[in-house]
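Here is a friendly walk through a two-chain assembly, written for someone who likes to think in side chains. Have the viewer open beside you as you read.

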Amino acid sequence: MYAPGVNSSTTLSSSSSYNNDRPPSAEAVEVATDPASGGFFNSDYKKHDDLKQMLDSNKDNLKLEAMKRIIGMVAKGREASDLFPAVVKNVVSKNIEVKKLVYVYLVRYAEEQQDLALLSISTFQRALKDPNQLIRASALRVLSSIRVTMIVPIVMLAIKDAAADMSPYVRKTAAHAIPKLYSLDQDQKEELIQVLEKLLYDKTTLVVGSAVMAFEEVCPERIDLIHKNFRKLCSLLVDVDEWGQVVIINMLTRYARSQFTDPNLQDVDEDEESKRPFYEDENEVDEEQQEKRAPTLDPDHRLLLRSAKPLLQSRNAAVVLSVAQLYHHTAPRSEVHQVAKAMIRLLRSHREVQDIVLTSIAATATRRKVMFEPFLKSFFVRSSDATHIKLLKLEILTSLATESSVGIILRELQTYVAAHDPPFVAAAIQAIGRCASNIKEVTDTCLNGLVSLLSNKDQAVVAESVVVIKKLLQTQPSAHREIIIQMAKLVDSVTVPQARASILWLLGEYSERVPKIAPDVLRKMAKTFTSEEDIVKLQVMTLAVKLCLTNPKQTKLLCQYVLQLAKYDQNYDLRDRARFLRHIIFPADAESGGPTRLSKQAKKIFLAPKPAPVPESHFKDREQFQLGSLSHYINTKANGYQELPPFPLEAPDPKARDVETEPQVMEQAPLFTAKKVSSKKDSKFYSDTESPEDESEEDENSSDEDDDDDEEEEDSSSDKDEEEDDNEDEESSGLEEKLPKKVVKSNAKPKSDEEEEEDESDEDDSSSESVSDSDSEDESSEPSSVPKKQTRNAKPAKESTPVVKPKSNLDLLLDLDDVSPAFTPIMTPSLGGFLTPMSTPSSQVKTQLFPDIQPASAVISPNTTSELLNKINSSGLEIKYRFTRSPHLYSPSMASAELTFHNHGPDELTDIRVGEKPTSGGVSIHDFAPIPSLSPGSSLMGTIGVDFADSTQPVNFEIKIGSDRTYPVALKVPVGEVIRAVTMSEELFLKQQGGLRGMNENTAKLSLTKPCSDLKSLTNKILTVANLGVIPNSDSSTLRFVLNTCVNLPVEY
Amino acid sequence: MIHSLFIINPSGDVFMEKHWKSVISRSVCDYFFDHQRKASSPEDIPPVIATPHHYLISVYRSSMFFVAVCTTEVAPLFVVEFLHRVVDTFEDYFSECTESIIKEHYVVVYELLDEMLDNGFPLATESNILKELIKPPNILRTIANTVTGKSNVSSTLPSGQLSNIPWRRTGVKYTNNEAYFDMIEEVDAIIDKSGSTVCAEIQGYIDCCIKLSGMPDLSLSFVNPRLFDDVSFHPCVRFKRWESERVLSFIPPDGNFRLMSYHIGSQSIVAIPVYVRHSLCLRESGSGGRLDITLGPKQTLGRTIENVVLEIPMPKSVLNCGLVTNQGKYTFDPVSKLLVWEVGRIDVTKLPNIRGTVTNCHFSALYF
C-alpha cells in the first residue's frame, strides 16, 4: 500500500476502496502484520479504523484477531496508542486470551493515557476479589504495573490485601508488586516495608524468593528485617526456585558480612598468601596453621555456608556463581576452594556464561592462586573460543603461573603466538612477559624466546615483543647489550609506533651500554621526525635529551635540531614538551646566562634510576566489588549497587536471629482441623526436603482449602511427607488430649526395659514359627508377620481393644490381614486399584491411584542395634545394624538397615564389601557401598537394603574383607521392621477392615513397666516394636494402627 | 532487574521489543550496534555493555541477539542465564528458534515473555508450567480452537506452580508409558602439533524424554558412580540421596529435559576414541597448499566408531580445496572457510584418508 499523496490517483482509489470494503479477514491480518507493507500514514490510520471496528464487535474471535494484530504492532515497537479507548473497553472481556492481550496492551500504554487507564481500574478491583487465584494474581499484576500515580492508594490497598491472601501465588504477586509501587511513589516506602516484613515471614518457598527480591529493591539497608528470617531462609534455600536462590544468596552474603566476624581474622594477610605459593613447603605450613586455628564460626554462619553448598550442583550458572561468591566473601579460607570445581564446570556453558565466569575467576585468581591451580589445564585456550574468552583465559593462566607450572604454561603460550588472531597473539606475548617478570627462574628463557620472536615475519608480533622486552629489560638492568643492539637494528623495519617508541626509550635509558649506536639511531630518527607518530616523537625528544646529557659532544646539535622541529609541531603536547626540555637542557636560551639550578640537576632528573614496572593483573582492583555483580564485571559502581560491608570486629548479638517459638505454635494451631483434608490429599513427594518450616505453611494451605474454592483443592497437591509426619505427631498428641485415661492398660507383670527387650527377641523367635504356620495356611508369598504369641484367624469386626480383655496378658491384638494381590478383585471397587499397581517399584504411582492410603514415614525409629559381625570372629571388625524404618532407595520393598563398621583391630582393613548373596526365595540385598579402607579405631556407616520377601527368616550373606577373608553373617529382622506405616482415614480403615476376609490375627504382648495411664507413651511403646501408622480416631476407646508390609499388604490393628 | 528486551536479527533490525517497566526507546540499541561494528564476529561482542544510563546484557543464539536492558545493579549471569532460558523455552515451544518462527508466533512469544517475567523478575520459567498456562501452538489445536472457540490460554493456575515439584504438571496420562535416556558425551581435547594430548576433558549429559503417567518416581543407578565427581542436576533430583548413595532419584518433569550433566576434568585421564594424523602445509609452490589427513581409531574398547564428521576451520586466506577422499564426502564453504568431511564409519582395515591441494590467495595481493 502506498500513501495516497505520493502516488497516482489510481493507486489511491484502489487502496482506499480496498481498505474500506475489506472485511476483517485473515488477509487483513497479513497486511497489518507485514512489516514491509510500507504505508505509515494514511493507510495505517485506516487500518486502525478497522481494528476498532473489530474490537467493538461482539464476537470474541474478531476481538481476539484484532488484539493479536495490535500486540503485533506493540511487539514491533510501532505506535498503537490511539487504539487505547477501543482496547480498554475490552478489559471486561470474558475470553481469557483477549483479556490477557488487553492486559499486555494496557501495561504498555497506560502511562501515556493515564485518564483513560483509570476506566479499567474498577475491573481490576473486582477481579482482586475473584475466587480464582490466577485471576486475583493477574489482576494485581496488571494493576500494579499500570504506572499511574493517581492509583497509588488503590494499589497500596490491593498489595496489603494480597499479602495476606491465602494463595501463596497471590502473595508472590504481592511481593512483586511492592517494588513496582515503590518505583512509582517513593513516599510509600514505610508502609511498603511493613507489608514486606510480613511477606518476609512467609514460609512458602514460592514467596520468599520474591519477598527477598522486593527487599533488595526497596530497602536493602534494613538488614534488621532479616534477623528473624535468617535461619528460615537458610533452610528453605534449597527449595526456592533458582532465580530466588540467586537473590537470596546475594543478600545473605551482605548479611553475613555485616553480622559475623571475619573467619580469617587471625590468618595471615591474604596478599601474603598469594605470594607464598612459590614456596611449596611454606604453603603447606600455612595450611597446617590454618587447620590448627580451625576457625570458630558462628553456628549461623556455618548454617548459611552449609545450606548453600548443595546449590553448587545447580544447573543454573547464576546460582553456582552466587554460591561461589558467598564462599569467596564469607567462608574461612580453608573452605573456599570447594567452589572451584563447580566454577570450572560452568566453563562448558554458553559463551556469555563463560565470559562472566572467567572474569570472576580472573579476579579471584589474583588472590587465591592455589584454588584454581589444579584446574590449570581447563584454562588452556581452544581455537574455537571467541577472542574475549581467549584473552580472559590468558589472563588467568598468567595469574596462576607458578614455578612448577610455568613450564607447561609457557609451552602453551608459545603455541598461541602462532595463532591467527592478532589481539590474542599480542596478549599471549604480554603474558609471556608477565610470566617472565613474575617468576625469576624463567626470566632468561622467556627473554630469549621473545628475542627470537623479534625475527618473526609478522609485524604485530615483533612490535608486541619489543614492548614486552623493553619492560623486561627494565626489571633486569644487567647487561643485555646484545638484545639492545638487536632492537636498535629493528628501528629500520618496525613500523608500529608503540614498538618504535619502546626501542627509542630503551636506547636512551641504556645509552652508555651502546655508546656508538644510540647517537646513530638518533640521527636517523631526526631525519624522519616529521613523519613519525606523536608517541614516537615524544620518545625521540627524550632520547635526544638523554644522549645530550651523556654524550653532548656528538649529539648536542642533533638534540637542538629535534627540539626545534618539535617547537613547530602541530601537536601542542609536543610543543609543550619541547619547550620544557629546552629550558632544562639549554638554559642559555632562557637568557639567564649560565646554568640554572634545574639544569644542574638535569642529569639526575633524566637519568634517575627508574623503578621497573610490575606487570599486574588488571583484575586486581576489582576486589572492592562483590564477585559476580554487574559492578564487578564492568569494574565501576553500577546504579543501585550495594557495597559489601567489611566484617565487623565484634559480631552483633546473635540472639537477634533467635525466633520465638510462640508465633509458630500459633500458626500450627489450625493444623488439627486441616487434618481431614490432608489425609485425603494424594501423594507425598520428597522425603528428603528437610525444611521443618514448610509444615506450617503447608498446613495453612490445606486449611485454606476448606474454605477456598474447589479448584484450589486440586491445585495444592503439595503436601509433603514432613507434613504427614507432623500430622501424625500432632495426631498422637491430639489423641492424647482427647482420650486421656480411657484406655488403661493393665499389666500383670511389670517388667524392666531390659526384660522387655528380651521379650521382644523371644517374640521374634516365636514369630518365625508362626510364619511357617501361616505359610501353610495362606499363600506362601505373603506371610507378613507381626510379633505374636497367638495366631489365629479372626473376624475383622473383632477389633482388638484393650478394653475387651483388660485382665489378660495379651494387651494387644494385632489383626493382621494377609491379602494377596490375587484377592484384589473381590475387594470393594475402590480398593481394586489399591493393590494392582503395587508391583511397580514406585510408591508414588500407588499413592496416586489410590490417594487415600499413603505410605508414611516412621514415627519413631528405634535405636536398638544388633550385632551382625563380632569383632572376635573377624579379626577386629565389628558390624552392628539398626533398622532405620525408611524405605530403601533401591526398591521400596527393601527395608534399609544402617550398618556401623568399627575396626577394633590393630591393622587397617581394606576393601570391605558384600560377598555372596542369597538368590533364592525372593530375598535380595542391595549392597552397601564398598569401603576402601577402615583404619584402626575408626568407624564408618553404611546402608544396606534387604528385601526379606515378607519372611522373618534371617538373611544370610557374606562380608568380605580384602581379597581373602570372608565371613558369613546373618541379618535377623524383627517383624516390626518388615512392615511399613501408612496413613489412611478412619473411615477408610473401617471400610477396608470390613472388606477383609480370611485374615490372620496376630497378637503380641507388650509389657509395660508401669500401669500405663498415658496414651502417648503407650503409642510410643507400640511404635518401638513395630513400624505402624496411627490412624486419626474418633472413637476414643480404640487405638488403630495401620501398616503395610514391604510387599504391600494393608494390615490393621 | 530486566527492564526491556530487544531481539535483533543479524542484519541489525530490532524486530521485537518487550518492556516490563516503563518504555525504553530502542535507540539504546545503538550502543550495541557500535560494539557490533567493532567486533570481528558476532561472538566477539562482549556480553555486557555499559552505557551511560543503561547496561546492555546480550546473548547470541541461533544468529539472533537477545539484548536485555537493565538500569540497576543485577548479577549479569542471572540475566544471561535467563535469556538462555527464554531461548530454550522458545525452542521447546516451536521446536526451533529462528527469526521467522518468532515473527510467525509473535503473540505466543509475547504472552510467554509476559508470563516469564514480572516487573523484570522471573516469574515462571519451568516449561511444564508455561505449557499449562499457554499451550504450545500446533495445527491440530489451532483448528480445534477455531471450531470450539477455546483459547490457548489457561484460565486456572497450573497445579505445578504451587506444589513442591513445580517442574511437573499433574494429571499426565499416556497410553504407552515410555522413558528414554540419551547419554551424550563430548570430549574436548587439545592436541599439539606432534599429536600428543595436551589436555582432554569430558562433558557429559543425560537427556531424557519421559512420557509416564501420574507421578512417577524414578531412580537411576550407575555401575561406577565414582566417576562423577563434578555433576549438576535438574532441580528434580534429590541431592541428598545422590550424596549418600550415589543413586539418582527423581520425579521427572513431563517431556524432554536435561537430567544431569557432568564434567570429568583435566586431572583424570581421558581416552580419546580417534586419532588424526595430519600433514598440512598451506603455502608451498606458489599459491597452493597441501593437505593430507588420516583418521584412525584409538582406545575404542572394541566398539566401532560411527558417524564420524571432521570439521576443519581453514584460515581466511584459503580460497578453495581440491581434495580426494577414500571414504565419505567433503564440502568446503568458501564463506565460513569451513571444511567438513563426513567420514561415516571408521574401518580399521582401510583407514579413511583425505588428501589434495588447497588454493590460497596471495598475502601480497591483500596488501597491494
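The report below covers the two chains, then the contact between them, then some charged residues.

**The two chains**

Please keep in mind that this is a predicted model. Chain A has 1053 residues, of which 56% count as buried. Its secondary structure comprises 47 helices and 17 strands. Chain B has 368 residues, and buried ones make up 54% of them. In chain B you will find nine helices and 20 strands.

Contacts that span a long stretch of sequence are worth a look too. Counting contacts in chain A with a separation of 6 or more, 70% are between residues 24 or more positions apart. The corresponding share in chain B is 58%.

**Where the chains meet**

The size of an interface is often given as the accessible area lost when the parts come together. For chain B and chain A, the area buried between them is about 9200 Å². Carbon and sulfur atoms give 58% of that area. Chain B brings 104 residues to the contact, and chain A brings 103 residues.

Polar groups take part as well: 33 residue pairs are in polar contact across the interface, both residues being at pLDDT 80 or more. On the side of chain B that touches chain A, the largest share comes from helix α2 (residues 76–94) of chain B, with eight residues. The residues on that side of chain B divide into 50 nonpolar, 28 polar and 26 charged.

Between chain B and chain A there are eleven salt bridges, while the structure holds 43 over all chains. One bridge between the chains joins B:Arg85 to A:Glu242, with the closest N and O atoms 2.7 Å apart.

**Four salt bridges to look up**

This table gathers some pairs with their N to O distances.

| Positive partner | Negative partner | Closest N to O |
|---|---|---|
| B:Arg85 | A:Glu242 | 2.7 Å |
| B:Arg258 | B:Asp207 | 2.8 Å |
| A:Arg254 | A:Glu216 | 3.0 Å |
| A:Arg382 | B:Glu201 | 3.1 Å |

Take A:Arg254 and A:Glu216, whose side chains form a salt bridge. A:Arg254 lies in helix α15 (residues 242–259) of chain A and A:Glu216 in helix α13 (residues 205–218) of chain A, so the pair ties together parts that are 38 residues apart in sequence. A:Arg254 is buried, at 5% relative accessible area, whereas A:Glu216 is partly exposed at 21%.

Now turn to A:Arg382 and B:Glu201, which meet in a salt bridge. This pair crosses between chains: A:Arg382 is in the loop between α23 (369–372) and α24 (387–400) of chain A, and B:Glu201 is in strand β9 (residues 197–211) of chain B. Are these two residues buried or exposed? A:Arg382 counts as buried at 15% relative accessibility, and B:Glu201 counts as buried at 4%.

Strand β9 of chain B also holds B:Asp207, whose partner B:Arg258 sits in strand β13 (residues 255–264) of chain B. The pair links distant parts of the chain, 51 residues apart. B:Arg258 is partly exposed, at 40% relative accessibility.

Some salt bridges share partners, and one network made this way joins A:Lys100, A:Arg141, A:Lys180, B:Lys18, B:Asp114, B:Glu115 and B:Asp118.

**Two buried lysines**

Which side chain of opposite charge is nearest to B:Lys337? The nearest is that of B:Asp333, 8.3 Å away, and B:Lys337 has no salt bridge although it is buried. A salt bridge needs the nitrogen and the carboxyl oxygen within 4 Å, so a distance of 8.3 Å does not qualify. A polar atom of the B:Lys337 side chain does lie 3.2 Å from the backbone oxygen of B:Pro334. B:Lys337 is placed in the loop between β18 (329–333) and β19 (338–344) of chain B. Leaving out residues up to four places away in sequence, B:Lys337 touches several residues, including B:Ile312, B:Met314, B:Leu319 and B:Phe332.

In chain A, have a look at A:Lys546, which lies in helix α32 (residues 534–550). A:Lys546 is buried, with a relative accessible area of 3%. Beyond residues up to four places away in sequence, A:Lys546 touches A:Trp505, A:Gly508, A:Glu509, A:Phe606, A:Leu607 and A:Lys610.

Note on methods: Residues numbered from 1 in each chain as written. Chains lettered and ligands numbered in written order. Heavy atoms only, no water. Contact = heavy atoms within 4.5 Å. Buried area = accessible area lost by both parts, 1.4 Å probe. Polar contact = N/O pair within 3.5 Å; in protein donor to acceptor, adjacent residues only side chain to side chain. Helix = DSSP H or I, 4+ residues; strand = E, 2+ residues; numbered from the N terminus. Nonpolar A, V, L, I, M, F, W, Y, C, P; charged D, E, K, R; others polar. Buried < 20%, exposed > 50% of the residue type's maximum accessible area, 1.4 Å probe, protein only. Lys, Arg positive; Asp, Glu negative; His and termini not counted.
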